[in-house]
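Got your viewer open? Here is a short tour, stop by stop, with something to select at each one.

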Amino acid sequence: MILDKLFIIIGMLLAHFLNGSNVFELGNAIRPDFMVIFVVFFALRKGPMYGLWLGFFGGLLTDTALGGEIGGDNIVYYKIGLHSFSYAIIGYIVGKVLRSSYTENYISITIYVLGLTFVSRLITYLLFLMFFHSNHSYSFLYVSLYNAFLGPALFFLFSWAYRLDGDEVRQ
């Protein structure tokens, strides 16, 4: 039980470090969002509470990578909570609503990851716009397509690494 949680934390940290690396970057700042794929995987496989908590803490990790921004009044503003809110909402809704209709095949995983990445990025962008300013380099479509391309392979890898059977999806 504790070992399972430890492996999930290690996976979350690995997703965080892969998000920060330039290894998978394509062109002008187009890189996959591994944390969204990680949260969606566990929300679909384990349910809404796993999606909620992994989304919240994974989002906090992602927010720590944003750093601070100096405002007009020479005060540093940190953007903590933007990703954690959007990932937690996505994780909970996916686990609650989509879990019952989830089937383990390439097409459904691709569609889920594409749509959920886009919605997550949209929520985060709107929060960023509401509390800070417009970010013109924030990518929606390209990141969503990149995640959709990598999603099925990562789902297979996560299923193998966390030894989750297909029976666990319907519990």
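The bend at a residue is the angle between two fitted axes, one for the seven residues ending there and one for the seven starting there. Keep that in mind for a later stop, and remember throughout that this is a predicted model.

**Stop 1: the whole chain.** Start with a cartoon view. You should find six helices and two strands, arranged along the sequence as α-α-α-β-β-α-α-α. Of the 171 residues, 45% count as buried. Switch on a surface and you are looking at about 9,600 Å² of exposed area, with carbon and sulfur atoms supplying 71% of it. As for how the chain folds back on itself, take the contacts between residues at least 6 apart in sequence: 70% of them join residues at least 24 apart.

**Stop 2: helix 6.** Select residues 141-161. How far apart should the ends of this 21-residue helix be? At 1.5 Å a residue, the expected span is 30 Å, and the end C-alpha atoms sit 29 Å apart, which agrees.

Now zoom in on glycine 151. Here is the bend promised above: helix 6 has a kink of about 40 degrees at this glycine, shortly before proline 152. Both Gly151 and Pro152 are buried, and so are other helix 6 residues, including Val143, Tyr146, Asn147, Leu150, Leu154, Phe155 and Phe158. What covers them? Show helix 2 (34-46) and helix 5 (106-131), which are among the parts covering the buried residues of helix 6.

For a close-up, pick serine 144, which is in helix 6. Its relative accessible area is 0%, so Ser144 counts as buried. Leaving out residues up to four places away in sequence, Ser144 touches Leu114, Thr117 and Phe118.

Before you leave, step just past the end of the helix to arginine 163, where phi is positive, at about 50 degrees.

**Stop 3: the nonpolar core.** Nonpolar side chains tend to be buried together in soluble globular proteins. In this model the largest nonpolar core has 30 residues. Show Phe38, Val40, Phe42, Leu44, Phe155 and Phe158 as sticks: these have the most contacts inside that core. Helices 1, 2, 4, 5 and 6 each supply at least two of the core residues, and helix 2 gives the most, with eleven.

Center on phenylalanine 38 next. Which residues does Phe38 touch, not counting those up to four places away in sequence? Look for Ile8, Gly11, Met12, Leu54, Phe158 and Tyr162.

**Stop 4: the salt bridges.** Side chains of opposite charge can pair when their charged atoms come close. There are two salt bridges to find here.

Begin with glutamate 25 and arginine 31, whose closest N and O atoms are 3.2 Å apart. Are these two buried, exposed or in between? Glu25 has 26% relative accessibility, so it counts as partly exposed. Arg31 is partly exposed too, with a relative accessible area of 27%.

Then select aspartate 33 and arginine 121, which meet in a salt bridge at 3.9 Å, N to O. Asp33 lies in the loop between helix 1 (2-20) and helix 2, while Arg121 is in helix 5, so the pair ties together parts that are 88 residues apart in sequence. Check the surface around this pair as well: both Asp33 and Arg121 are buried.

Key. Residues are numbered from 1 along each chain as its sequence is written. This is a predicted model: local features need pLDDT of at least 70, side-chain atom pairs count only at pLDDT 80 or more; totals for chains, interfaces and linings use all residues. Side-chain values use heavy atoms; hydrogens and water are left out. Helices (H or I, at least four residues) and strands (E, at least two) are DSSP runs, numbered from the N terminus. The expected span of a helix is 1.5 Å times one less than its number of residues. Buried means under 20% relative accessible area, exposed over 50%, partly exposed in between (1.4 Å probe, protein chains only). Contact means heavy atoms within 4.5 Å. A salt bridge is a side-chain nitrogen of Lys or Arg within 4 Å of a carboxyl oxygen of Asp or Glu. A nonpolar core is a set of buried Ala, Val, Leu, Ile, Met, Phe, Trp, Tyr and Cys residues joined through side-chain atoms within 4.5 Å. Accessible areas come from the Shrake-Rupley method with a 1.4 Å probe; for residues, only the protein chains shown count as cover.
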